[in-house]
Amino acid sequence: MKIICVGLNYANHIEEFNSKRPNEPVIFFKPDSAILRENKPFYIPDFTQQLDYELELVVRINRLGKNISERFAHRYYDSVALGIDLTARDLQRTARAAGHPWALSKGFDGSAVLSEFIPLSNTQGINNIHFHLEKNGVTVQQGYSGDMLFKVDQLIEYISKYISLKIGDLIYTGTPAGVGSLAVGDQLKGYIEDEKLIDFQIR
Ligand code: ZN
């Protein structure tokens, strides 16, 4: 199983980071050891002084595919979850400045928080999902999947040109604006529409 992540996929997040809108999807990976499920607490590692949250929608691939075209991509997933792409922003900044990969700053243990999956048939469709994150009871991120620069089906077409998709692979589809930092004791709750799917503590 692999975890494929998309960077810079919402215009308002690109703005808050003063980044440039990419012409093609920005793709990176996390190892499977990064997954943190079942609302288990996350313990801040001592190698970072700036741990950031990024709330994202996650789709899970349910059939094997390569060179999947956008119009058939919807056949390759049927459920959606919430994920938090935890990022050691200080390490990422250093790596970026040196032109080095982000692997460690985004791939450490526990950095891929993942909720349970809900069937897409229980939603208004993959491009019509509202989601939000509360930190200590205050809403800090609000996203709408219709705002993705590259929609899920386009992402699947793009990624599968290069990399075979297998059953169980996860795609973290990028974060909207409102990214911020975490401290010991913070409580994070993530929702798709009104359904709470994430509820865990930073320790
Ligand atoms: Zn992200």
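**Entry 1. The cavity lining**

I looked up which element gives the largest share of the lining of the largest cavity, and found helix 2, with three residues. The model I am reading is a predicted one. I then asked how many cavities of 30 Å³ or more the count comes to, and the result is one. About 110 Å³ of space lies in this largest cavity. I noted 14 lining residues, and G7, L8, H13, E54 and K106 are the ones that lie nearest the centre. Two elements, strand 1 (3–7) and helix 2 (89–97), give two or more residues to this lining. I sorted the lining by class and recorded five nonpolar, four polar and five charged residues.

**Entry 2. The zinc ion**

E54 appeared among the residues nearest the centre of the cavity, and I met E54 again as a donor of the zinc ion. Which protein atoms are the donors of the zinc ion? I recorded E54 (OE), E56 (OE) and D85 (OD), lying 2.0 to 2.1 Å from the ion. Along the chain these donors follow the spacing E-x1-E-x28-D. I placed E54 in the loop between strand 4 (51–53) and strand 5 (55–61), and D85 in strand 6 (residues 77–85), so this pair ties together parts that are 31 residues apart in sequence.

I next asked whether E54 is buried or exposed. E54 has a relative accessibility of 5%, and therefore counts as buried. For D85 the value is 0%, so D85 also counts as buried.

**Entry 3. The largest pocket**

I turned from the cavity to the largest pocket, in which about 160 Å³ of space lies. I listed 14 residues in the lining of this pocket, of which E38, L114, S115, E116 and L197 lie nearest its centre. The elements that give two or more residues to the lining are strand 8 (112–114) and strand 15 (195–201). Which strand gives the most to the lining of the largest pocket? I found strand 15, with four residues. By class, I entered six nonpolar, two polar and six charged residues for the pocket lining.

**Entry 4. Aromatic pairs**

I recorded five aromatic pairs in the model. One of them joins Y10 and F131 in an edge-to-face arrangement, at 6.5 Å centre to centre and 65° between the planes. I located Y10 in the loop between strand 1 and helix 1 (11–16), and F131 in strand 10 (residues 130–135); the pair therefore ties together parts that are 121 residues apart in sequence. Y10 and F131 are both buried.

I then examined F47 and F108. Their ring centres are 5.7 Å apart and their planes stand at 70°, so I entered this pair as edge-to-face. The cut-off that decides this is a plane angle over 60 degrees. F47 lies in the loop between strand 3 (35–36) and strand 4, and F108 in the loop between helix 3 (103–107) and strand 8, so the pair ties together parts that are 61 residues apart in sequence.

I asked next how F47 counts in terms of accessibility. At 39% relative accessibility, F47 counts as partly exposed. F108, in contrast, is buried, with a relative accessible area of 8%. I also noted that F47 and F108 form one aromatic cluster with F42.

**Entry 5. Charges over rings**

I looked for charged ends that sit over aromatic rings. R60 lies over the face of F117, at 4.1 Å from the ring centre. I found the charged end of R63 over the ring of Y76, 4.7 Å from the centre of that ring.

**Entry 6. Two contacts between distant parts of the chain**

I looked up N62 and placed this residue in the loop between strand 5 and strand 6. With a relative accessible area of 29%, N62 is partly exposed. Which distance separates the C-alpha atoms of N62 and I167 in space? I recorded 4.6 Å for this pair, whose members are 105 residues apart in sequence.

My last residue was A103, which has its place in helix 3. A103 counts as partly exposed, at 48% relative accessibility. I noted that the C-alpha atoms of A103 and F28 are separated by 7.9 Å, while the two residues are 75 residues apart along the chain.

How values were computed: Residues are numbered from 1 along each chain as its sequence is written. This is a predicted model: local features need pLDDT of at least 70, side-chain atom pairs count only at pLDDT 80 or more; totals for chains, interfaces and linings use all residues. Side-chain values use heavy atoms; hydrogens and water are left out. On a 1 Å grid over the protein atoms alone, a cavity is a set of points where a 1.4 Å probe fits but cannot get out, and a pocket is an open set with protein on both sides within 12 Å along at least five of seven lines; lining residues have an atom within 4 Å of a point. Grid points are joined across faces, edges and corners, and a volume is the space filled by probe spheres set on the points. Ala, Val, Leu, Ile, Met, Phe, Trp, Tyr, Cys and Pro count as nonpolar, Asp, Glu, Lys and Arg as charged, and the others, Gly among them, as polar. Donors are N, O and S atoms within 2.8 Å of the metal (3.2 Å for Na, K and Ca); water is not among the atoms, so sites may look incomplete. Buried means under 20% relative accessible area, exposed over 50%, partly exposed in between (1.4 Å probe, protein chains only). Rings of Phe, Tyr and Trp (its six-membered ring) pair if their centres lie within 6.5 Å; planes under 30 degrees apart count as stacked, over 60 as edge-to-face and the rest as tilted. A charge sits over a ring if NZ of Lys or CZ of Arg is within 6 Å of the ring centre and within 35 degrees of the ring normal.
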